[in-house]
Amino acid sequence: MNHIYGYVRESENLSEDNQLLAIQEYGIDDSCIYKDRRNESEAYHVLLDKIQSGDSVILASIDCLGNSYEDVIDRWENITKEHETAIVLLDMQLPDTAKALNGQFVSELVLDVLNYVEKSRREFRRQRQREGISAAQSRGVKFGRRTKMDIREFQKVKDAYERGELTVTAAADKLDISRGTFRRWIKETPEEVVVGEPEAGLEEVVETVGEEGV
């Protein structure tokens, strides 16, 4: 006998109460509904132990499966492929994979779409990183190994900056570092500055591109 279960997990777009209401309206008994908090997965794993080939899992929304596309793809594949269980999405106009003439095709289609979106998101981020690196290099930002510095030289420049004799730009130029790195270093202890930090990381570059454009 095939069984129907509900799975609820808090997400950015849907509260637990709204999900419960939608699944209950579908006709699922509370005893067959598994609930997780946003950053939990205990109920999800209990559900995996329950479901068998031919069963169905009802979701109020696809993003209930995880916080990221990677999580959603992994869990969708786990449920539909490894456990051969259908998924019903209440907020999407997709055929019920348990009732569709070719339920496996529908599951594969959704999985392909998810993979495409995730691939596009990664490529977009890589492109922004490349643009950010190019823009940063044009401003003189350096990449590569961590900077090492004589603490006495740094202290001399820092003192001149604090006396108002040097601007941030002038101080950074004297030390051959970026302005952002100089600002960070003057807030740290001398011991921390000796080792130094990378001139710029990809996260910093991506944020810069978002603020300034290329």
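**A tour of the sheet, its helices and an aromatic cluster**

Begin with the open sheet, in which 4 strands run in the order β2-β1-β3-β4 with parallel pairing. Its edges are β2 (33-36) and β4 (86-89), each of which pairs on one side only. Looking along the sheet, neighbouring strands are turned against each other by 25° on average, direction ignored. Keep in mind that this is a predicted model.

Next, select β3, residues 56-59, together with β4. The two strands pair in the parallel sense over 4 bridges. Within that pairing, Val57 stands opposite Ile87 of β4. Add helix α3, residues 69-82, which packs on the sheet and touches β1, β3 and β4. The direction of α3 makes about 130° with that of β4.

Now move to helix α2, residues 42-50. Helix α2 lies across β1 (4-9), β2 and β3, and runs at about 150° to β2. Show its side chains. Which residues of α2 are buried? They are Ala43, Tyr44, Leu47 and Leu48. These residues cover an arc of only 145° around the axis, so they sit on the same side of α2. What covers the buried residues of α2 includes β1, β2, β3 and α3. Rotate to the face of α2 turned away from its buried side, and the exposed residues Glu42 and Asp49 appear there.

Leave the sheet and select the aromatic side chains. The structure holds 5 aromatic pairs. Take Tyr161 and Phe182: their ring centres are 5.3 Å apart and their planes stand at 90°, so the pair is edge-to-face. This pair links distant parts of the chain, with Tyr161 in helix α5 (residues 151-162) and Phe182 in helix α7 (residues 179-185), 21 residues apart. Are these two rings' residues buried or exposed? Phe182 is buried, with a relative accessible area of 0%. Tyr161 has 26% relative accessibility and therefore counts as partly exposed. Extend the selection to Phe154 and Trp185, which ring pairs link with Tyr161 and Phe182 into a cluster.

Finally, colour the model by pLDDT. The protein averages 75, and 67% of the residues score at least 70. Select residues 97-103, where pLDDT stays under 50 and the model has 9 contacts beyond four places in sequence. Then select residues 194-214, where the pLDDT is below 50 and the stretch has 53 contacts beyond near neighbours in sequence. Where pLDDT is low, the predicted coordinates should not be read in detail.

Methods: Residues numbered from 1 in each chain as written. Predicted model: local features only at pLDDT ≥ 70, side-chain atom pairs only at ≥ 80, totals over all residues. Heavy atoms only, no water. Pairing = 2+ DSSP bridges. Axes fitted to C-alpha atoms, helices over the stretch in contact; angles between N-to-C directions. Contact = heavy atoms within 4.5 Å. pLDDT = per-residue confidence, 0-100. Buried < 20%, exposed > 50% of the residue type's maximum accessible area, 1.4 Å probe, protein only. Arc of directions from axis to C-beta. Phe/Tyr/Trp six-rings, centres within 6.5 Å; stacked < 30°, edge-to-face > 60°.
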